[in-house]
Amino acid sequence: MSELPRTVRDFQPNHSNGMIPIVIKRLFKSPKNLDFETASWEMINLVIKPRMAFKSFYYKRQTKESWARDDPSFFILQIGLLTLSSMVWSVVYGHSFGQFLKMMIYMIFIDFFAFGAIMATFFWVILNRPFFKFRSALSARVEWAYCFDVHCNAFLIIWCLLYFLQFLLLPILNLHAWIALLLGNLLFCTAVGYYFILTFYGYSQLPFLKNINFILLPSLLMAILFFVSLFGIKLVDKFSFYNIS
C-alpha cells in the first residue's frame, strides 16, 4: 500500500522558482564547495546499485527540503565524460578537429541537453496532472528542475553502454555481421530500457505521486524491439560516432 504524503507544504521546494535548474545556474558562479567525491559515489551506485543511490537521494533531499540537485558536481562530471568520449572516439578513428567539435556538440547539446529537455518537459507536464497525485497533495508541484535532474541520473547508463562499452566492443562488432547485430541491438535496447527504469526510480521518490508505472512501458517495448530487430534492423548504427563525416 502506497505511503500517503504528509502535508503539501512538506513537498514545496524552497530553492528554485523557475524552470532553470539551480544546478545549471551555479555552473556560472564560483566553484566553491563542489562535492565531486559524493558525485562520483552517486554515479557508481546509479549503475551498480540504483536503489541504494535513490534511497540516499531521498533522505538527503528530505533533509534539505528540496528535491532537485543543487550541487553541480554531478552535472560537471557528466559533461566531462561526454567531452572525453568525443575526444577518444575522434583520436582512435582519425577525425579532424572539425569532426571532433561536431561530435562533441552532438553528444552534449543534442543527446544530453536537447533529449533531456524534451524528457523533462514531458514528465513535468504529465506528472503535474491531478491523476498522478494523491488527493491530499493536489497542490504539490513537480519541478521542471527535478525532472531534468532525473534525466541526468538516468542518462548515465546511456553513456556507460552506448558511449563507453560500445566503443570497447567495436572491434568485436566489426568481426561478424550477426554478432554486430546481436550485441549492438542488445546495447541499444538495454541502454534505453534501463534509462526508463532509472527514470521510474527517480519519480518514485516523490511521495505525493501515484500511478507512475506507465514510465516502465518503454522498457517493455525495448525488450520487444530487441527480438524484432534481430531480423535485420541494426539499431546501434544510430549511435556509431566513429563514422561522422
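A residue counts as buried under 20% relative accessible area, as exposed over 50%, and as partly exposed in between. The legends below use these words for a predicted model.

**Figure 1. Overview of the predicted model, a protein of eight helices and zero strands.** From the N terminus on, the elements run α-α-α-α-α-α-α-α. The protein has 245 residues, and 49% of them count as buried. Its accessible surface comes to about 12900 Å², and carbon and sulfur atoms account for 68% of that area. Among contacts between residues at least 6 apart in sequence, 77% join residues at least 24 apart.

**Figure 2. Phe-123 and Phe-214, an aromatic pair with one buried and one partly exposed member.** The protein has 25 aromatic pairs. Phe-214 has a relative accessibility of 26%, which lies between the limits of 20% and 50%, so Phe-214 counts as partly exposed. Phe-123 has a relative accessible area of 4% and is therefore buried. The ring centres of Phe-123 and Phe-214 are 6.5 Å apart and the planes meet at 40°, so the pair is tilted. This pair links distant parts of the chain: Phe-123 belongs to helix H5, while Phe-214 sits in the loop between helix H7 (177–204) and helix H8 (217–229), 91 residues apart.

**Figure 3. Phe-75 and Phe-148, an aromatic pair between helices H4 and H6.** Aromatic pairs in this protein number 25. In the pair of Phe-75 and Phe-148, the distance is 6.4 Å centre to centre and the angle between the planes is 50°, which is a tilted arrangement. Phe-75 is in helix H4 (residues 73–92) and Phe-148 is in helix H6; the two are 73 residues apart, and the pair links distant parts of the chain. How buried or exposed are the two partners, Phe-75 and Phe-148? Phe-75 has 5% relative accessibility and counts as buried. Phe-148 is buried as well, with a relative accessible area of 3%. Both residues belong to a cluster linked by ring pairs, which also contains Phe-109, Phe-112, Phe-113, Trp-144, Phe-155 and Tyr-163.

**Figure 4. Asn-128, a buried residue in a loop.** Asn-128 lies between helix H5 (97–127) and helix H6 (144–173). Its relative accessible area is 10%, under the limit of 20%, so Asn-128 is buried. Which backbone atom does the side chain of Asn-128 reach? The side chain of Asn-128 reaches the backbone nitrogen of Val-142, at 2.8 Å. Leaving aside neighbours within four places in sequence, Asn-128 is in contact with Val-142 and also with Phe-123, Lys-133, Ala-140 and Arg-141.

**Figure 5. Ile-157 in helix H6 and the residues it touches.** Ile-157 has 5% relative accessibility and counts as buried. Not counting residues up to four places away in sequence, Ile-157 touches Val-47, Ala-191, Tyr-194, Tyr-195 and Leu-198. The C-alpha atoms of Ile-157 and Thr-190 are separated by 9.0 Å, although these residues are 33 apart along the chain.

**Figure 6. Phe-188 in helix H7, and Asn-211 in the loop between H7 and H8.** Phe-188 counts as buried, at 11% relative accessibility. Its C-alpha atom is separated by 9.6 Å from that of Lys-234, a residue 46 places apart from Phe-188 along the chain. Asn-211 has a positive phi of about 55°, although Asn-211 is not a glycine. With a relative accessibility of 39%, Asn-211 counts as partly exposed.

**Figure 7. Helix H2, with its span and its buried residues.** Helix H2 covers residues 36–48, which is 13 residues. The expected span is 1.5 Å times one less than the number of residues. For H2 this should give 18 Å, and the end C-alpha atoms are 18 Å apart, so the two values agree. The buried residues of H2 are Ala-39, Glu-42, Met-43, Asn-45 and Leu-46.

**Figure 8. Two of the spans that UniProt lists as "transmembrane region".** The UniProt entry, which is unreviewed, places this feature at residues 74–92, 104–127, 148–169, 175–202 and 214–233. Residues 104–127 are 100% helix and 0% strand, and their end C-alpha atoms lie 32 Å apart. For residues 175–202 the end C-alpha atoms lie 39 Å apart, and the span is 93% helix and 0% strand.

Definitions and conventions. Residues are numbered from 1 along each chain as its sequence is written. This is a predicted model: local features need pLDDT of at least 70, side-chain atom pairs count only at pLDDT 80 or more; totals for chains, interfaces and linings use all residues. Side-chain values use heavy atoms; hydrogens and water are left out. Helices (H or I, at least four residues) and strands (E, at least two) are DSSP runs, numbered from the N terminus. Buried means under 20% relative accessible area, exposed over 50%, partly exposed in between (1.4 Å probe, protein chains only). A polar contact is a pair of N or O atoms within 3.5 Å; within protein, one must be able to donate a hydrogen and the other to accept it, and residues adjacent in sequence count only if both atoms are side-chain atoms. Contact means heavy atoms within 4.5 Å. Accessible areas come from the Shrake-Rupley method with a 1.4 Å probe; for residues, only the protein chains shown count as cover. Rings of Phe, Tyr and Trp (its six-membered ring) pair if their centres lie within 6.5 Å; planes under 30 degrees apart count as stacked, over 60 as edge-to-face and the rest as tilted. UniProt positions are given in the numbering used here, feature names are shortened, and annotations may be inferred rather than shown by experiment.
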